[in-house]
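Biologist: I would like to learn how to read a few features of a model, beginning with its contacts. Could you take me through them step by step?

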Amino acid sequence: MQPFRCVKCSNITETDALDPLCGRCGAAVLLADGAGPSVSRGELDDLPPGVWRYRAFLPDAAFGESVTLGEGGTPLLRAERLGDELGLSNLLIKDESRNPTGSFMDRGSTVLLSLAKERRAKECTCVTTGNLGASLAAYCAKAGIRARIRVNPNTDQGKLYQMLAYGAEVEASSGPAARRRDANRLWVSAANPYLLEGEKTTGFEVVQELGWKAPDAIVVPVGTGGHLSMIWRSITQLRRAGLADASECRLLAVQVGKNVTKAAGGRASVQAAQVPLAELEESEPFFRDEAAKAVKESGGATIETTTADMVNATTLLARTEGIFAEPSSASVVAALSGAVRRGYVRRSETVVCVVTGAGLKDTKAVSRLARETRRVAFGEPYAMPTPRIGQTKLALLHLLQTRPSYGYELRNRLGPEKRLSTASVYQHLAELEDLMMVRRRVSVVAKGRERIPYELTRRGSDFLRIAGRLERAGRSVPS
Ligand SMILES: [Zn+2]
């Protein structure tokens with residue numbers, strides 16, 4: 001039995017469940033602080049890098065064979081060019097986008113799925129809009145556990161592709177589903193305390209990499225508040241174990257300004273859908289109180305930023321340091337310039353920015369950048385804007401799936417109810433061509449005229465397959 005502390009009412013619940021909640025009030029729980037491990041710096045230095053290097057600090061149960069994809073051990077990069085821009089001479093970036101599925105979530109997934117496999121769980125269900133689902137899907141695949149992921153319409157296409165590629169069953173969801181208690185079924189949300197235990201290792205790595213000394217400041221996106229709270233827990237655990245000194249280490253928590261917070265609160269859901277910052281939308285603030293406590297204890301501060309600044313920061317980070325982060329991750333960079341201006345950090349201080357996730361799978365962010373810069377290599381599928389596929393284009397894709405066809409022929413195959421001109425069919429084809437969903441074949445002569453038949457590309461048939469799965473899952477085709 002593991003003791004868990006409720007983040008709301010502080011009640012201690014003892015349970016073996018892998019998805020525990022507070023036994024008194026039903027709120028999220030964290031593993032209760034126990035006696036620290038006795039392990040030396042030397043012993044830890046001798047172990048290979050990665051999440052499992054810190055096994056001694058992970059829950060007792062996590063001693064079986066681990067389900068691992070090589071997560072953690074991400075680089076702590078010196079960011080000189082970005083530091084110059086921001087006026088910081090000792091800026092470092094903890095690049096979590098290097099994890100197996102592109103986000104820090106993999107640190108938690110390896111811990112949770114290792115336990116799930118040991119307990120012979122058969123199925124893992126998760127409600128998510130993004131990175132968590134992609135990460136769990138990958139680790140479920142590795143563990144041989146069925147993954148069922150409930151997504152909402154804001155889910156990034158890149159992350160959907162990821163989940164489907166890892167073989168997860170993706171279902172549509174517009175709200176929380178009933179939680180079914182079952183020993184074989186694991187119900188996972190971002191509040192799972194075992195996920196959080198894994199996320200703690202970000203902090204261990206930063207301190208160890210800096211020669212067992214915490215930096216002056218760590219800048220972290222707030223999100224659910226979980227990762228930030230856990231980074232603070234890692235530092236306090238290292239201090240208690242005598243592995244890190246008690247020098248000041250301020251946590252700077254980054255959150256998005258009120259315009260977005262309001263939208264993410266659910267009241268203005270349409271607005272939320274237009275702010276394509278998936279990880280922030282996903283962020284149910286389960287651990288906001290814990291995070292606020294950690295910020296206060298550390299002598300840090302909460303810094304607000306705006307979505308516009310985040311998008312600019314994404315570009316700045318990529319162009320100065322070669323790191324392409326999700327906009328929600330680049331929020332740390334956006335916030336930092338304000339922090340320097342306001343004197344929260346001094347020029348010579350050692351500052352670590354935690355970049356939590358990769359930008360490549362955030363297709364909306366990618367297309368936004370592509371539109372802005374117009375310099376992305378032509379032919380790179382990610383450079384394409386998020387496909388806007390209406391019913392007509394979908395019908396054309398379905399027709400081309402059966403056989404290649406030219407415009408006039410497609411117009412006739414569409415049937416009279418569509419009533420499109422041939423010119424407009426060609427316009428749709430040109431747009432689908434831009435999206436690299438169709439391509440031209442060599443021209444043929446038909447009815448005395450030269451015709452250019454179109455055929456479906458791999459991308460086009462992938463799109464139809466996913467659209468079909470989503471439709472079957474009760475969700476309309478992405479638009
Ligand atoms: Zn409680």
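Modeller: Let us begin with what a contact is: two residues are in contact if their C-beta atoms, placed from the backbone, lie within 7 Å. The model here is predicted, and among contacts in the protein between residues at least 6 apart in sequence, 68% join residues at least 24 apart.

Biologist: How many helices and strands does the protein have, and what percentage of its residues is buried?

Modeller: The protein has 19 helices and 17 strands, and buried residues account for 47% of its 479 residues.

Biologist: At what angle do the axes of helix 4 and helix 5 cross?

Modeller: Angles under 35 degrees count as roughly parallel. The axes of helix 4, residues 131–143, and helix 5, residues 157–165, come within 8 Å and cross at roughly 15 degrees, which means that helix 4 is roughly parallel to helix 5. The crossing of helix 4 past helix 5 is left-handed.

Biologist: Which residues meet where helix 4 faces helix 5?

Modeller: From helix 4, Asn 131, Gly 133, Ala 134 and Ala 137 meet Lys 159, Gln 162 and Met 163 of helix 5; by class, this contact has three nonpolar, three polar and one charged residues.

Biologist: Turning to a loop, where is Asp 16 placed, and is Asp 16 buried or exposed?

Modeller: A residue counts as exposed if 12 or fewer other C-beta atoms lie within 10 Å of its own. Asp 16, in the loop between strand 2 (12–15) and strand 3 (29–31), is exposed because it has 10 other C-beta atoms within 10 Å. Although Asp 16 and Gln 2 are 14 residues apart in sequence, their C-alpha atoms are 6.1 Å apart in space.

How values were computed:
Residues numbered from 1 in each chain as written. Predicted model: local features only at pLDDT ≥ 70, side-chain atom pairs only at ≥ 80, totals over all residues. Axes fitted to C-alpha atoms, helices over the stretch in contact; angles between N-to-C directions. Helix = DSSP H or I, 4+ residues; strand = E, 2+ residues; numbered from the N terminus. Parallel < 35°, antiparallel > 145°, perpendicular 65-115°, else oblique. Left-handed = near helix turned anticlockwise from the far one by under 90°. Nonpolar A, V, L, I, M, F, W, Y, C, P; charged D, E, K, R; others polar. Buried ≥ 20, exposed ≤ 12 C-beta atoms within 10 Å, placed from the backbone.
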